[in-house]
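This report concerns nonpolar cores and the interface between two chains.

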Amino acid sequence: MTAFVEYLLTGVSRGLVFSLLAMGFVLIYRVTRVVNFAQGAFAIFGGFITYSLLKAGIPHGVSELLAILAAGLIGLIFGIIAIGGDIPLLASLVITIGLSIFSEAIGMLIWGTTPITYSGLAGHDFVIFGAFIQRQYLIVVIASLVVFVAVLYGFGRTYFGKAMSACASNPYAARLSGINVKRMGLIAFTLGGALGGLAGVLITPLSPLTYNADISLGITGFAAAIVGGLTSPGLAVLGGLVFGIAEQFVAGYWSPSNETAVALALLIVLLLWQAKRVPAGGLE
Amino acid sequence: MNRVGEFYEFQRVDASQNEVVYGVANVGEFLEARDLTRSFGGVQAVNSVSFSVAKGELRGLIGPNGAGKSTLFHLISGHYYPDRGSLVFDGHRIENMSPAARAKLGISITFQAVHLFDGMTVLENVMVGGHSWTKHEWLEASFRLPRCRREEQGIREKAMWALAMVGIERYKYHLAKSLPLGMQRALQIARALCSMPKLLLLDEPASGLRGDERRELLSLMEKLHENALTMILIEHDVDFVTKIASRISVLDQGQVIAEGTPDEIREDPMVISAYLGTAISHEVN
């Protein structure tokens, strides 16, 4: 029972990190129709920049915040490269794959190949149903939930969110309705970058990151986003939780080396399910 | 009186009928195209077109299929940029401006095909049309800061007014896609009106409409015309255009071949031979 609770709670918090990545995918896709395969890179930059800032003596809280802002800025730069010009959608997607590979190279050059971690915010572990849970998990849950509410509200309930959605739904009509579609896309990339950065900031104290961890994080985030057809932030959160919990149970009751295999198998099942659910010609 | 925006004032004349009137003060040269040209590959869709539209005018734009009418609209709205020529709107050179910048100046367009925003209600679709009035950003929207609330309320008011103008306000919470074609076309006009345009470009708004829907559209356009909204109307139904337009320009093979009052156009031999033909001219007469 203790192990079960531990796997479940750890899975929930890791799942919320995946949800943040998934939400970044959804946000960018909903506004630009581009699947941003560099989403995992934002998490790496978020974690690595926090590590460097903490090492430079900048206190906790400030370091994390600066790293998230930096990831947002990186998101903006990636957005300018991927959608800034008059680029077809497919080319933008390929550019994001290139940016992901480029980010790995930058990460390796600056931070090396050794896994990087740092201690989370100080505090004692706590016990739930006999299971010891690190305080960092609680921070993950609180930070993620606050962000989810803000994004879900911002997208679903505000006029601005509707205008952003209009860009992906019908860019032609949106443009002629006075919306600067490109600018909205860049805002989405910036927010996607910040969400990815937050995911990295939260997960690095729990699981050391290497320069190439963006692939596994990106794939899991993408799989979670697919649960909501890449358009529903709410279902993306649910997808992230499912993947996080499944991963912990597989690692705990089976073998940690099978985590990625299970995530990929789940992704294939989800893609097949989506292909059946969505009519040929588009998601909407 | 309820002040909305810097260009228009509108007031409820009769709240029970949801009738709203807005007015533009001055009259004069408003849109001026000079030598406007646009090619696609080897085809010159618009070829050295020059014309001007006065403030408050309702200009008809007719011509056979492929005459360049929709391309001309897109040169004015900013969807296409001209290869050559100039466009002056309300004192601004606009030929190189983005569509968003032109919308901010007050140019609005309704489309020949219905273009809706999926997954949104009628009201939300129309509210998107008021985007050029907003200045708030994502963070302000997420935290519901005062400017966001103020602007959102302003757009909602404009959208409700626009929906009342086209007569579909009771469907405001329906999904836009669930409406029949006639209402979807009305929704497109409401979306354009929500931007409180100075110039409204209507690309075949009556196509596919039933008789009663056409009459409603005609009455709406008359109402807007009476309130001095400048409009350019592309329409295949010549009878429809001659009923409402004060002047008509005729386009053929990318060029303006005639311009004048509906009566002058009906009798213009070039128009008859190039476009109207015996059968249609009979119908018009």
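The sections below treat the basis of the values, the cores and the interface in turn.

## Basis

This is a predicted model, in which local features need pLDDT of at least 70 and side-chain atom pairs count only at pLDDT 80 or more, while totals for chains, interfaces and linings use all residues. Residues are numbered from 1 along each chain as its sequence is written, chains are lettered from A and ligands numbered from 1 in the order in which they are written, and side-chain values use heavy atoms, with hydrogens and water left out.

## Nonpolar cores

The largest nonpolar core (buried Ala, Val, Leu, Ile, Met, Phe, Trp, Tyr and Cys residues joined through side-chain atoms within 4.5 Å; buried is under 20% relative accessible area, 1.4 Å probe, protein chains only) contains 159 residues. B:I76, B:L193 and B:I232 have the most contacts inside it. Helix α1 (residues 2-32) of chain A supplies the largest share of this core, 13 residues; helices are DSSP runs of H or I, at least four residues, numbered from the N terminus.

A second, separate core has six residues, including A:I28 and A:F189.

## Interface of chains A and B

Contact (heavy atoms within 4.5 Å) joins 30 residues of chain B with 30 residues of chain A. The buried area (accessible area, 1.4 Å probe, lost on putting the two parts together, summed over both) is about 2700 Å², with 66% from carbon and sulfur atoms. On the chain B side, B:F117, B:H131 and B:W138 lose the most area to chain A, together 27% of what that side buries.

One salt bridge (side-chain nitrogen of Lys or Arg within 4 Å of a carboxyl oxygen of Asp or Glu) is counted between the chains. A:K162 forms a salt bridge with B:E124, with the closest N and O atoms 3.5 Å apart.

Terms used. Buried < 20%, exposed > 50% of the residue type's maximum accessible area, 1.4 Å probe, protein only. Helix = DSSP H or I, 4+ residues; strand = E, 2+ residues; numbered from the N terminus.
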